[in-house]
Amino acid sequence: MSEEGRFSIALEQREGYQVNVAFDWPQTPDLLLDGEPPLGECRGPNASRLLAAATADCLGASLLFCLFKDDPPAGCLRAEASCVMTRNAQKRLRIGQLEVRLIVTAAVTQSPRFGRCKDLFEEFCVVSASIRQGIPLVVTVEDEAGEVYYRSE
């Protein structure tokens with residue numbers, strides 16, 4: 001695979017398990033990461049939570065871009081990400097599965113492109129397509145009433 005781009009972020013341990021993340025975009029504020037007790041104090045998300053958030057964000061952005069390109073209507077999508085933690089044979093904690101629910105409004109389901117986009121948006125999400133190679137991922141698109149329009153296998 002050829003390299004298409006690269007970015008770098010800087011992480012610096014502060015105290016305990018707290019880590020400051022400085023992004024490569026000057027307008028983006030730093031982010032504090034922290035571990036769960038007994039190691040950390042939950043003063044910021046941990047890596048597993050960031051992975052779940054990044055996956056949901058990428059899938060939502062991919063669906064909105066497919067539907068609306070550069071001008072999605074405000075407030076037309078919410079997402080929920082669940083991370084199932086498991087232990088491997090060596091009893092080490094691992095992400096066993098990610099589940100992402102994209103909850104959309106009528107602005108999404110009534111878009112003329114919705115029928116096509118709901119079946120292909122996942123393929124364009126950099127994060128989910130990358131992690132799916134090692135972590136089972138279930139993606140659902142539903143409306144605010146709970147009607148399911150799409151569910152990945």
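# A walk through the predicted model

At 0% relative accessibility, Phe121 counts as buried. This value, like the others here, comes from a predicted model. Phe121 belongs to one of the aromatic pairs, and those pairs offer a way into the region around strand 7.

The count of aromatic pairs comes to 2. In one of them, the ring centres of Phe114 and Tyr149 are 5.4 Å apart and the planes stand at 80°, so the arrangement is edge-to-face. Phe114 sits in helix 3 (residues 114–117) and Tyr149 in strand 7, so this contact ties together parts that are 35 residues apart in sequence. The two partners can also be described by their accessibility. Phe114 is buried, with a relative accessible area of 4%, whereas Tyr149, at 25%, counts as partly exposed. Phe121 and Tyr150 make an aromatic pair that is likewise edge-to-face, with 5.7 Å from centre to centre and 70° between the planes. Here Phe121 comes from the loop between helix 3 and helix 4 (126–131), while Tyr150 lies in strand 7, so the pair ties together parts that are 29 residues apart in sequence. Tyr150 has a relative accessible area of 16% and is buried.

Strand 7 (residues 148–151) leads on to strand 6, with which it pairs in the antiparallel sense over 3 bridges. Within this pairing, the bridge partner of Glu142 is Val148 in strand 7. The hairpin of strand 6 and strand 7 has 4 residues between the strands, and in it Gly146 takes a positive phi near 95°.

How many of the 7 residues of strand 6 are buried? In strand 6 (residues 137–143), 7 of the 7 residues are buried, so the strand is largely enclosed by the rest of the structure. In a regular strand, side chains alternate between the two faces of the sheet. In strand 6, Leu137, Val139, Val141 and Asp143 point one way, Val138, Thr140 and Glu142 point the other way, and all are buried. The residues named on the two sides thus include Asp143 and Glu142 along with Leu137 and Val138.

Strand 6 also pairs with strand 5 (residues 93–104), in the parallel sense and over 7 bridges. Val104 stands opposite Asp143 of strand 6. A side-chain contact joins these two strands as well: Arg101 forms a salt bridge with Glu142, the closest N and O atoms being 2.4 Å apart. Arg101 lies in strand 5 and Glu142 in strand 6, so the pair ties together parts that are 41 residues apart in sequence. Arg101 is partly exposed, with a relative accessible area of 30%, while Glu142 is buried at 9%. Glu80 enters the picture here too, since Glu80, Arg101 and Glu142 are linked in a network of salt bridges.

Side chains of opposite charge can pair when their charged atoms come close. The count for this model comes to 7 salt bridges. Among them is the one between Glu41 and Arg43, with 2.6 Å from N to O. Glu41 counts as partly exposed at 49% relative accessibility, and Arg43 is exposed, with a relative accessible area of 56%. Another is formed by the side chains of Arg14 and Glu12, where the N to O distance is 3.8 Å. Arg14 is partly exposed at 46%, and Glu12 is partly exposed with a relative accessible area of 46%.

The remaining part of this account concerns strands 1, 2 and 3. These 3 strands form an open sheet in the order 1-2-3, with antiparallel pairing. Strand 1 (10–13) and strand 3 (31–33) are the edge strands, each pairing on one side only. Neighbouring strands of this sheet are turned by 25° against each other on average, direction ignored. Strand 1 and strand 2 (residues 19–22) are joined by 4 bridges in the antiparallel sense.

Is Leu11, at 51% relative accessibility, buried or exposed? The cut-off for exposed is over 50%, so at 51% Leu11 counts as exposed. Leu11 lies in strand 1 and stands opposite Val21 in strand 2. Leu11 also takes part in a nonpolar patch on the surface, together with Phe7, Ile9 and Phe23, and the patch has about 400 Å² of accessible area in total.

Conventions. Residues numbered from 1 in each chain as written. Heavy atoms only, no water. Pairing = 2+ DSSP bridges. Axes fitted to C-alpha atoms, helices over the stretch in contact; angles between N-to-C directions. Patch = residues over 30% accessible without salt bridge, like charges linked within 9 Å, V, L, I, M, F, W, Y side chains within 5 Å. Areas by Shrake-Rupley, 256 points an atom, 1.4 Å probe, with all protein chains shown as cover. Salt bridge = Lys/Arg side-chain N within 4 Å of Asp/Glu carboxyl O. Buried < 20%, exposed > 50% of the residue type's maximum accessible area, 1.4 Å probe, protein only. Phe/Tyr/Trp six-rings, centres within 6.5 Å; stacked < 30°, edge-to-face > 60°.
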